[in-house]
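Trainee: I should like to learn how to read a model of this kind, feature by feature. May we begin with the structure itself in view?

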Amino acid sequence: MSSTTILGIEGTAWNLSAAIVNESDVVAEVTHTYRPPTGGIHPREAAQHHARYASQVIRDLLDEAKQHGVTTGDIDAIAFSQGPGLGPCLRTVATAARMLALSLNIPLVGVNHCIAHIEVGKWKTPSSDPVVLYVSGANSQVLAYRMGKYRVFGETLDIGIGNAFDKFARNAGLTHPGGPKIEEYAKNATEYIPLPYVVKGMDFSFSGLSTAATDALKRASIEDVCYSFQETAFAMLVEVTERALAHTGKNEVLLAGGVGANMRLREMLDIMCDDRGASFYVPEKRFMGDNGAMIAYLGLLMLESGTVTDIDRSHVNPNFRPDDVDVTWIDGTIDEKLEGGN
Ligand code: ATP
Ligand code: FE2
């Protein structure tokens with residue numbers, strides 16, 4: 001039986017990652033990560049990295065796929081991250097995707113990176129209609145499907161939670177990425193230091209919290225500050241996720257994005273879900289951070305539901321919002337079922 005097979009390329013930020021997936025699984029995946037010599041990410045240098053390694057990554061991917069019996073002739077479409085992300089990185093990856101699609105004479109599918117995180121999570125866990133907490137370096141959003149779109153119920157008003165951790169870590173003299181180090185220090189805390197808890201409506205803000213945490217280092221131990229930073233930021237995220245659950249009437253939470261590796265965040269979400277009788281799902285770590293498989297998989301869902309991207313409409317969008325995408329691959333009656341169940 002032949003199954004739809006898609007090659008997808010992710011490259012919105014650090015990770016250049018390409019994968020081939022079919023309906024049942026990931027056939028092959030190759031990732032090459034840009035590591036800046038010092039400090040944070042430089043968009044142009046990351047883009048140069050992606051340009052330098054794109055052909056090697058694709059070659060290695062095709063070799064790996066071949067070992068699993070999949071050849072270029074089996075590929076039905078090329079998917080790529082159209083946004084959101086860093087402009088120079090997005091453009092480099094889009095160029096590679098266009099060239100591949102044209103040379104293989106197959107359709108191109110531009111996908112939204114945030115929705116790719118959601119769909120791969122649904123694919124790789126038993127979750128089917130979740131409220132999603134997507135927390136990464138650059139992004140922090142609470143989303144859920146409703147009437148043909150993934151709606152953003154709450155989001156950061158300034159920086160993503162991961163970047164807030166990384167910024168604080170840099171100020172504290174810790175190496176990048178800061179998130180895992182903050183998690184380690186937090187385990188040895190003795191006391192909670194009050195820090196600004198900023199939830200406005202359904203949105204949250206992390207920039208002031210990161211600055212306040214840096215300032216608190218003058219009067220408290222790094223362990224206590226890391227602990228307090230985590231507790232405050234995660235409580236904000238869990239509060240908004242819980243309100244989105246209550247508002248939508250859904251009964252599942254799915255965690256996505258690199259910050260989802262944090263065990264304390266998982267524990268807090270788990271407790272909240274338990275209290276509400278909701279199920280909590282976390283995919284395997286390889287599907288949480290940015291990965292090519294999620295782009296290929298969303299490309300597969302889009303292609304199978306008749307959505308492709310003409311080359312002349314394949315420009316990238318660094319601010320591409322998930323709620324701008326018409327969700328053609330979800331059966332709309334999911335809303336009716338939910339309403340009927342209430
Ligand atoms: P995106 O383009 O989706 O924003 P990204 O490359 O910025 O992607 P991810 O790879 O999804 O982000 O996640 C990286 C972020 O996750 C970094 O900010 C890092 O500090 C944070 N992070 C990783 N592990 C942990 C952890 N255990 N606890 C908290 N934060 C973590
Ligand atoms: Fe991401």
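**Reading the fold and the metal site**

Mentor: In β11, Leu254 is the bridge partner of Val132. This is a predicted model, and that pair is one entry in the parallel pairing of strand β6 (residues 131-135) with strand β11 (residues 252-256), which extends over 4 bridges.

Trainee: What is the strand order of the open sheet that has β6 and β11 in it?

Mentor: In general, strands of a sheet pair through backbone hydrogen bonds, either parallel or antiparallel. Here the open sheet has 5 strands in the order β8-β7-β6-β11-β12, and its pairing is mixed. The edges are taken by β8 (149-155) and β12 (279-281); each has a single partner strand, so one side of each lacks a neighbour in the sheet. From one strand to the next, the twist averages 25°.

Trainee: Which strands stand at the edges of the other open sheet, the one with the order β3-β2-β1-β4-β5?

Mentor: That sheet also has 5 strands and mixed pairing. Its edge strands are β3 and β5 (108-112), each with a single partner strand, so one side of each is left without a neighbour in the sheet. The twist here averages 20° from one strand to the next. Within the sheet, strand β1 (residues 5-10) pairs with strand β4 (residues 77-83) in the parallel sense over 4 bridges, and Leu7 stands opposite Ile78 in β4. Helix α9 (residues 292-304) packs on this sheet, touching β1, β2, β3, β4 and β5, and its direction makes about 135° with that of β1.

Trainee: Which strands does helix α2 lie across?

Mentor: Helix α2 (residues 87-104) lies across β1, β2 (15-22), β4 and β5, and runs at about 160° to β4.

Trainee: How should the overall dimensions of the protein chain be read?

Mentor: One begins with an inventory of elements: the protein chain has 10 helices and 12 strands. Its radius of gyration is 20 Å, close to the 20 Å given by the globule rule for 342 residues, so the chain is as compact as a globular protein of that length. The C-alpha trace spans about 60 × 55 × 35 Å along its principal axes. Of the 342 residues, 54% count as buried. The exposed area of the chain is about 14,600 Å², of which carbon and sulfur atoms supply 49%. Among contacts with a separation of 6 or more, 76% come from residues 24 or more positions apart.

Trainee: Which residues are the protein donors of the iron ion (ligand 2)?

Mentor: A metal site is read first by its donor atoms, then by their places in the sequence. The protein donors are His113 (NE2), His117 (NE2), Tyr134 (OH) and Asp290 (OD), lying 2.1 to 2.5 Å from the iron ion. Their spacing in sequence is H-x3-H-x16-Y-x155-D. One pair links distant parts of the chain: His117 is in helix α3 (residues 113-124) and Tyr134 in strand β6, 17 residues apart.

Trainee: Are His117 and Tyr134 buried or exposed?

Mentor: The cut-off for burial is under 20% relative accessible area. His117 has 1% relative accessibility and therefore counts as buried. Tyr134, at 0%, counts as buried as well.

Trainee: Which residues of helix α4 are buried, and what covers them?

Mentor: For a helix, one lists the buried positions and then the elements that cover them. In α4 (residues 161-171) the buried residues are Ile161, Gly162, Ala164, Phe165, Asp166, Phe168 and Ala169. Their cover includes β6, β7 (140-146), α5 (178-186), α6 (207-216) and α7 (222-248). After α4 comes Gly173, whose phi is positive, near 80°.

Trainee: Where is Tyr227 placed, and with which residues is Tyr227 in contact?

Mentor: Tyr227 is in helix α7. At 28% relative accessibility, Tyr227 counts as partly exposed. Neighbours within four places in sequence aside, Tyr227 is in contact with Ala186, Ala189, Glu191 and Tyr192. The C-alpha atoms of Tyr227 and Glu184 are separated by 9.1 Å, although these residues are 43 apart along the chain.

Trainee: How is a loop residue such as Pro36 read?

Mentor: In the same way, by place, accessibility and contacts. Pro36 lies in the loop between β3 (26-33) and α1 (43-67). With 15% relative accessibility, Pro36 counts as buried. Apart from neighbours within four places in sequence, Pro36 is in contact with Trp14 and His42.

Technical notes: Residues numbered from 1 in each chain as written. Chains lettered and ligands numbered in written order. Predicted model: local features only at pLDDT ≥ 70, side-chain atom pairs only at ≥ 80, totals over all residues. Heavy atoms only, no water. Pairing = 2+ DSSP bridges. Helix = DSSP H or I, 4+ residues; strand = E, 2+ residues; numbered from the N terminus. Axes fitted to C-alpha atoms, helices over the stretch in contact; angles between N-to-C directions. Rg over C-alpha atoms; globule rule 2.2 N^0.38 Å. Buried < 20%, exposed > 50% of the residue type's maximum accessible area, 1.4 Å probe, protein only. Contact = heavy atoms within 4.5 Å. Areas by Shrake-Rupley, 256 points an atom, 1.4 Å probe, with all protein chains shown as cover. Donors = N, O, S within 2.8 Å, 3.2 Å for Na, K, Ca; no water.
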